[in-house]
Amino acid sequence: MKQLYNQRISCPHCGHHIFVDLDTSEGDQDFYEDCAACCNPIHLNMHIDEAINKLELRIDSDDEQIF
């Protein structure tokens, strides 16, 4: 599996498309990137499934509430 990826995502707040750099050498990650258009934080959760050689990226606005 490659170690560096450049992925295009949509901001969950405004829909603007931005590019994020993903580094798989650190393993699973949970981090934030700010949207260049609306400046709101975007929550990214990256999971590496080495068994099937797949990278999963979950994106949300991190303002959802869990009850």
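The legends below describe close-up views of a predicted model.

**View 1. The whole chain holds 5 strands and 0 helices.** In sequence order the pattern is β-β-β-β-β. The C-alpha trace spans about 35 × 30 × 15 Å along its principal axes. Of the 67 residues in the chain, 21% count as buried. The exposed area is about 4,900 Å², and carbon and sulfur atoms supply 45% of it. Among contacts between residues at least 6 apart in sequence, 27% join residues at least 24 apart. The chain carries 4 positive and 14 negative charges, whose mean positions lie 11 Å apart.

**View 2. The largest nonpolar core has 11 residues.** Its members are Ile9, Cys11, Ile18, Val20, Leu22, Phe31, Cys35, Ile42, Leu44, Met46 and Ile48. At least two of these residues come from strand S2 (17–23), and at least two from strand S4 (41–49). S4 gives the most, with 4 residues. Nonpolar side chains tend to be buried together in soluble globular proteins. Ile18, one of the core residues, touches Gln7, Arg8, Ile9, Asp34, Ala36 and Ile42, when residues up to four places away in sequence are not counted.

**View 3. Strands S3 and S4 form a hairpin.** S3 covers residues 29–34 and runs antiparallel to S4, with 6 bridges joining the two strands. Phe31 stands opposite Leu44 in S4; Phe31 and Leu44 both belong to the largest nonpolar core. Between the two strands lie 6 residues, and Cys39 in the turn has a positive phi of about 65°.

**View 4. Leu57 lies in strand S5, residues 54–60.** Leaving aside neighbours within four places in sequence, Leu57 is in contact with Gln7, Ile9, Leu22, Leu44, Asn45 and Met46. Of these partners, Ile9, Leu22, Leu44 and Met46 are members of the largest nonpolar core. Leu57 and Met46 are 11 residues apart in sequence, yet their C-alpha atoms are 4.6 Å apart in space. Why is Leu57 not listed in that core? The relative accessible area of Leu57 is 26%, so Leu57 is partly exposed, whereas a core residue must be buried, that is, under 20%.

**View 5. Thr24 sits in the loop between S2 and S3.** Thr24 is buried, because its relative accessible area is 10% and the cut-off for buried is under 20%. Not counting residues up to four places away in sequence, Thr24 touches Lys2, Gln3, Tyr5, Met46, Ile48 and Leu55. Two of these, Met46 and Ile48, are core residues.

Methods: Residues numbered from 1 in each chain as written. Predicted model: local features only at pLDDT ≥ 70, side-chain atom pairs only at ≥ 80, totals over all residues. Heavy atoms only, no water. Buried < 20%, exposed > 50% of the residue type's maximum accessible area, 1.4 Å probe, protein only. Contact = heavy atoms within 4.5 Å. Core = buried A, V, L, I, M, F, W, Y, C linked by side-chain atoms within 4.5 Å. Pairing = 2+ DSSP bridges. Areas by Shrake-Rupley, 256 points an atom, 1.4 Å probe, with all protein chains shown as cover. Lys, Arg positive; Asp, Glu negative; His and termini not counted. Charge placed at Lys NZ, Arg CZ, Asp CG, Glu CD.
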